Amino acid sequence: MARGIAFLAVAAAPLLSMIPVPAAAQSPSQWRDITPRAGLAGWHTAGGKAGFEVANGELVGRAAPGKANSWLVSDAQYGDFILEFDARTDQVLNSGVMIRGQSRPDYRDGVVHGYQAEIDPSPRGWSAGIYDEQRRQWLYTLGRNEAARRAFRSGDWNHYRVEAIGNRLRTFINGVPAADIADDTDARGFIAFQVHAISDAEASRQPEVRFRNVRIVTDAPARFASRATPLEQQGWLANRLTDAERRAGWKLLWDGKTTSGWRSAKAADFPKKGWSIRDGILSVDGANGAESTNGGDIITTRDYRNFELSVDFRLTPGANSGIKYFVDPNLLKGEGSAIGLEFQLLDDARHPDAKMGRDGNRTLGSLYDLITARNLSDPDSPNKRFNPPGEWNRAVIVVRGRHVEHWLNGFKVVEYERGSPEFRALVAESKYAKWPNFGEGEAGPILLQDHGNHVDFRSIKLREL
């Protein structure tokens, strides 16, 4: 993860008064102090070579060079709980606290993995975002939560609150709601304090992270859940919507079982071959790698104008596909894919299309043949964040009037205005130049592309804006 610039000098101050107002006041007897003590009884180390010790009632983690992150892991396992702690870290040292953490011999030789409340001193400032360590990467960035980004106090102690109740995980930074996810991957696990791996050059600073006032409620914690103004929730339940998502207007475009709501892009019915549904996954089957020659593209049976679309996708090695929007099924009746704006899905490392087009504008996440996907959410770390073939990624497309955004795994990667002079200039230099008013329609269906390679889709959901 990206590392930051120099901290501002801020005087330390008590932060416990800044926590969100809970549903019912917690008495001191309901909290249990689990701050590690001298000797670290009840805890064990894992991963890298960082050192852990207790000094003046604070847990101190001192970074060491290496490739592996270091962890101080609780021997105890926790299910539902509310956890609070204070943390302070060096300007170059990323850190975090694992919640419901996991370590199993059958998963990457026992590496520590799972949900992590982030401590991010970099200019990006995603402290208290939720990161899925050694697994899916970011589950909730702070790319859309400026209030939480501003709440982090560089160089000072910061107060964290984590609510892990059922399949819902929420975090707060200095009293400000930071992240809210629904996910059912892990219902129970350990708590662990992270010291991020550092380079040899950074080791001369002897960076460290400190934790104090670590306390937990495990007895019916739902009674004390925060009443803070709810955030927009990120749902990670396969083909299911949470109550919060429904209230926000989300609807499933695919029910996880049938072809309802979808049809061929060039016929009235769903394709009779080339697409399959199995175990909650909608797959375009592999064929000859050609465009729309097997089952053909599929589109929604209704059009959309202003919307936010979220699609989880899984590539196979060398795969090519796409998610198209503002599609006009009548533009191209012959061979080839239906015409529309496209969020490119591609194995950049293996498919030759990644090296075609101009300046990478046919790579994963790009507006195909028009705008190259770049990490706009974290300019200091320009590389895209994506999981390799065989693992799930999330594509999000946001359309508000003429304004369009592409997001890949929580990072904004493309932003443009349909119909602007800049947009029309790009179209004029692209393969779409021959289509009048390309990409400027008022509404259109959503399309999943058949490009002759096996690609999986699930959790296809949309809310109209």
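**Entry 1: S18 and its sheet**

I looked up S18 first and found that it pairs with strand S21 (residues 298-300) in the antiparallel sense, over 3 bridges. For my own notes, two strands pair if DSSP finds at least two bridges between them. Strands (E, at least two residues) are DSSP runs, numbered from the N terminus. This is a predicted model, where local features need pLDDT of at least 70 and side-chain atom pairs count only at pLDDT 80 or more, while totals for chains, interfaces and linings use all residues. Residues are numbered from 1 along each chain as its sequence is written, and side-chain values use heavy atoms, with hydrogens and water left out.

Which residue in S21 is the bridge partner of Arg263? I found Ile299 there.

Then I looked at the whole sheet: it is open, has 5 strands with antiparallel pairing, and runs in the order S18-S21-S28-S23-S24. S18 (262-264) and S24 (339-346) are the edge strands, each with a single partner, so one side of each has no neighbour in the sheet. A reminder to myself: strands of a sheet pair through backbone hydrogen bonds, either parallel or antiparallel.

**Entry 2: S13 and its partners**

Next I went to S12 and S13, which run antiparallel and are joined by 6 bridges. Arg170 has Asp180 as its bridge partner in S13. The hairpin of these two strands has 2 residues between them, and Asn174 takes a positive phi near 50 degrees there.

S13 also pairs with strand S16 (residues 234-235), this time in the parallel sense over 2 bridges. On that side, I noted Gln234 in S16 as the bridge partner of Ile181.

Is S13 mostly enclosed or open? I counted 6 of its 7 residues as buried, so S13 is largely enclosed by the rest of the structure. (Buried means under 20% relative accessible area, exposed over 50%, partly exposed in between, with a 1.4 Å probe and protein chains only.)

**Entry 3: Salt bridges**

How many salt bridges does a search of the whole structure find? I got 43. (A salt bridge is a side-chain nitrogen of Lys or Arg within 4 Å of a carboxyl oxygen of Asp or Glu.)

Asp180 turned up again, in a salt bridge with Arg168 at 2.6 Å, N to O. That pair links distant parts of the chain, 12 residues apart, with Asp180 in S13 (residues 176-182) and Arg168 in S12 (residues 168-173). Asp180 is buried at 1% relative accessible area, whereas Arg168 is partly exposed at 30%.

I also checked Arg394 and Asp312, whose closest N and O atoms are 2.7 Å apart in their salt bridge. Arg394 sits in strand S25 (residues 392-400) and Asp312 in strand S22 (residues 307-315), so the pair ties together parts 82 residues apart in sequence. Both Arg394 and Asp312 are buried.

Last on this page, I found Glu53, Glu58, Arg62, Glu208 and Arg210 linked in a network of salt bridges.

**Entry 4: The cavity**

I finished with empty space. On a 1 Å grid over the protein atoms alone, a cavity is a set of points where a 1.4 Å probe fits but cannot get out, and lining residues have an atom within 4 Å of a point. I found 1 cavity of 30 Å³ or more. The largest cavity holds about 50 Å³ of space.

Which strand gives the largest share of its lining? S12 does, with 4 residues. The lining includes Arg168, Arg170 and Asp180, so familiar names came back.

Key
On a 1 Å grid over the protein atoms alone, a cavity is a set of points where a 1.4 Å probe fits but cannot get out, and a pocket is an open set with protein on both sides within 12 Å along at least five of seven lines; lining residues have an atom within 4 Å of a point. Grid points are joined across faces, edges and corners, and a volume is the space filled by probe spheres set on the points.
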